[in-house]
Amino acid sequence: MNIVVTFGEIMARIAAPEYLRLRQTRQFDVTYAGAEASVAASICNFGGKARYITALPKHALAEATMDSVRAVGIDTQYVLRTNKGRLGLYFLETGANQRPSNVIYDRADSAIAITPAEEYNWDAIFKGASWLHLSGITPALSKNAADAVLVAAKNAKAAGASVSIDLNFRGKLWNWDASKSARELAQETMRKILPFIDVVIGNEEDCHDVLGIQAGDTDVHSGKLDTSRYPDVARQVVKQFPNVSKVAITLRESYSASHNNWGAMLYDAKSDTPYFAPLDNEGNYQSYQIKNIVDRVGGGDSFAGGLIFALTTSELSEPQTAVKYAVAASCLKHSIKGDFNFSTRSEVEALMGGSGSGRVVR
């Protein structure tokens with residue numbers, strides 16, 4: 001079985017319990033996660049193999065992060081332990097109804113942000129690997145981290161692996177060059193990485209912020225998306241970066257913090273064909289209605305993990321099946337507390353087959 005490598009930062013997630021606001025609570029729920037670690041966790045929970053790469057300080061809290069990823073079977077043998085830097089943090093306030101969730105980052109000078117690219121053992125990291133997954137979050141942390149992402153992509157391609165990236169624009173993080181705005185810095189940096197990418201993942205906001213591509217007059221805050229515009233968005237991505245073979249765009253219709261509709265499109269560049277999921281009985285796009293969201297953080301990462309697992313699993317790799325699997329996986333993640341998707345392959349395939357009533361399995 002081939003190994004999927006993911007590279008990025010893992011943090012302590014410090015969350016206000018239930019739906020309390022951060023200023024209300026004096027007790028917090030602590031878990032450990034980051035975008036790329038969450039993708040690796042999904043792949044392992046589905047039955048695949050994943051290897052996670054990051055840089056962490058040498059102390060007990062960093063060990064706790066490693067315990068959390070090892071618990072789901074992720075290979076951490078090439079995680080770099082350093083004498084400099086700190087463990088990044090993020091603070092989460094879970095929204096409800098018309099009040100949105102809020103994230104506060106505390107990631108400056110984290111170990112991965114200050115570690116140069118040459119300190120990672122890339123040759124060993126990609127031994128036996130068929131895939132590398134990256135995100136736009138890691139290069140937003142620092143120039144060192146951005147350089148390491150680019151070097152990772154180049155080394156993966158040299159090793160014969162496919163490379164995917166989730167554009168994941170985080171405006172709060174792109175601040176390591178004060179002479180540029182967040183969007184300017186993101187676009188300049190990501191355009192250096194994208195020539196080494198095979199599969200691009202994002203949403204309509206990411207495509208606009210990172211690549212300057214927009215889905216016509218679509219308003220992501222209106223709760224309604226015009227899905228007919230998204231194949232053209234994908235074609236524009238491929239036109240700018242002809243090396244890209246597939247573009248996946250998640251389609252979130254946000255009615256409130258508690259009620260989202262969810263689906264996605266996977267565009268195959270070779271056949272110039274867009275594939276949407278989920279579909280109704282007539283084959284038309286019909287999004288999942290998620291009306292009581294438990295935790296939407298990690299929803300996009302669970303989609304990426306599901307898509308990569310499907311594309312690297314022969315019986316799931318056909319584009320329509322792959323996007324159907326990825327959307328079902330990420331739909332289920334919205335019912336699970338924490339960043340990791342603890343859904344199993346059988347549960348995802350049951351939802352793909354129409355078992356979405358939530359009845360007790362006896």
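How many of the 362 residues of this protein, as a percentage, count as buried? The share is 56%, and I should say straight away that what we are looking at is a predicted model, so please take every value I quote as computed from that model.

Let me start with the overall picture. The protein has 11 helices and 15 strands, and its C-alpha atoms fill a box of roughly 60 × 50 × 45 Å when the box is taken along the principal axes. For a chain of 362 residues, a compact globule would have a radius of gyration near 21 Å, and the protein, with 19 Å, agrees with that expectation. If we take the contacts between residues at least 6 apart in sequence, 70% of them join residues that are at least 24 apart. The accessible surface comes to about 15,600 Å², with 48% of it belonging to carbon and sulfur atoms. As for charge, there are 38 positive and 39 negative side chains, and the centres of these two sets lie 3 Å apart.

Now to the inside, beginning with helix α1, which spans residues 35-45 and is mostly covered, since 10 of its 11 residues are buried. Among the buried ones are Glu36, Ser38, Ser42 and Cys44, alongside Val39 and Ile43. What lies over them includes the strands β1 (3-7), β3 (29-33), β4 and β9 (129-135), together with the helices α2 (60-70) and α9 (299-311). Just after α1, Gly47 takes a positive phi of about 110 degrees.

Strand β4 leads us to Thr54, which sits in the loop between β4 (49-53) and β5 (55-57). Is Thr54 buried or exposed? Thr54 is buried, because its relative accessible area is 0%, where the cut-off for buried is under 20%. A polar atom of the Thr54 side chain lies 2.8 Å from the backbone oxygen of Gly8, and, leaving aside residues up to four places away in sequence, Thr54 touches Gly8, Glu9, Ile10, Val79, Leu80, Ile112 and Tyr120.

A second buried position is Ala248, in strand β12, which covers residues 246-254; its relative accessibility is 1%, so Ala248 counts as buried. With the same allowance for sequence neighbours, up to four places away, Ala248 touches Val200, Ile201, Gly202, Met265, Leu266, Phe303 and Leu307. For a sense of distance, the C-alpha atoms of Ala248 and Leu87, which are 161 residues apart along the chain, are separated by 31 Å.

I would like to finish with some backbone geometry. Most residues other than glycine have a negative phi, and most peptide bonds are trans. Against that background, which residues are joined by a cis peptide bond? They are Ala277 and Pro278, with omega at about 0 degrees, and Pro278 lies in the loop between β14 (273-277) and β15 (288-290).

Two residues that are not glycine take a positive phi here. Asn97 has a phi near 55 degrees and is placed in the loop between β7 (88-93) and β8 (102-106), where Asn97 is partly exposed at a relative accessible area of 46%. Asp109, for its part, has a phi of about 60 degrees and is found in the loop between β8 and α3 (111-114); because its relative accessibility is 55%, Asp109 counts as exposed, the cut-off for exposed being over 50%.

Definitions and conventions. Residues numbered from 1 in each chain as written. Predicted model: local features only at pLDDT ≥ 70, side-chain atom pairs only at ≥ 80, totals over all residues. Heavy atoms only, no water. Helix = DSSP H or I, 4+ residues; strand = E, 2+ residues; numbered from the N terminus. Rg over C-alpha atoms; globule rule 2.2 N^0.38 Å. Buried < 20%, exposed > 50% of the residue type's maximum accessible area, 1.4 Å probe, protein only. Contact = heavy atoms within 4.5 Å. Areas by Shrake-Rupley, 256 points an atom, 1.4 Å probe, with all protein chains shown as cover. Lys, Arg positive; Asp, Glu negative; His and termini not counted. Charge placed at Lys NZ, Arg CZ, Asp CG, Glu CD. Polar contact = N/O pair within 3.5 Å; in protein donor to acceptor, adjacent residues only side chain to side chain.
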